[in-house]
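Visitor: I am new to protein structures and would like to see how the words fit the picture. Could you show me one?

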Amino acid sequence: MKTTIEELNGKLIATLEGEMDTAAALEAEKALLPLYKSDGRDVVIECEGLEYIASSGLRILLGILKGAKAGGSKVTLRNVNDDIKNVFKLTGFIDLFDFE
């Protein structure tokens, strides 16, 4: 799993690539820590290269969402494939996030 974060036009852009299974989620969580406190900057999570997400990955995204909202930021998931979007539907997370 590859995770990168950059700041662009006042937004934090995180790119997720590969499979966020339970083992990869531990490393991904460390890499995504800056998103938990976005300091009023909106967060975009680019998921075009994300192939799989386990429940531990969903927990990480939920933590980012809670932290961002507490600071007045918005979290958007971008380019989520149909399989992963289905996981969000099955877990009820589909209504928690904004999708592009």
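Guide: Here 5 strands form an open sheet in the order 1-2-3-4-5, with mixed pairing. Strands are DSSP runs of E, at least two residues long, and helices are runs of H or I of at least four, numbered from the N terminus. This is a predicted model, where local features need pLDDT of at least 70 and side-chain atom pairs 80 or more, while totals for chains, interfaces and linings use all residues. Residues are numbered from 1 along each chain as its sequence is written, and side-chain values use heavy atoms, leaving out hydrogens and water.

Visitor: Why do strand 1 and strand 5 stand at the edges?

Guide: Each has a single partner strand, so one side of each is left without a neighbour in the sheet.

Visitor: How do you know that strand 2 and strand 3 pair?

Guide: Two strands pair if DSSP finds at least two bridges between them. Here 8 bridges join strand 2 to strand 3, and the two run parallel.

Visitor: What makes Arg41 and Glu7 a salt bridge?

Guide: The term needs a side-chain nitrogen of Lys or Arg within 4 Å of a carboxyl oxygen of Asp or Glu. The closest N and O atoms of Arg41 and Glu7 are 3.0 Å apart, so the pair fits. Arg41 lies in the loop between helix 2 and strand 3 and Glu7 in strand 1, so the pair ties together parts 34 residues apart in sequence.

Visitor: Why is Glu46 called buried?

Guide: Buried means under 20% relative accessible area, exposed over 50%, and partly exposed in between (1.4 Å probe, protein chains only). Glu46 has 12%, so Glu46 counts as buried. Arg78, at 26%, is partly exposed.
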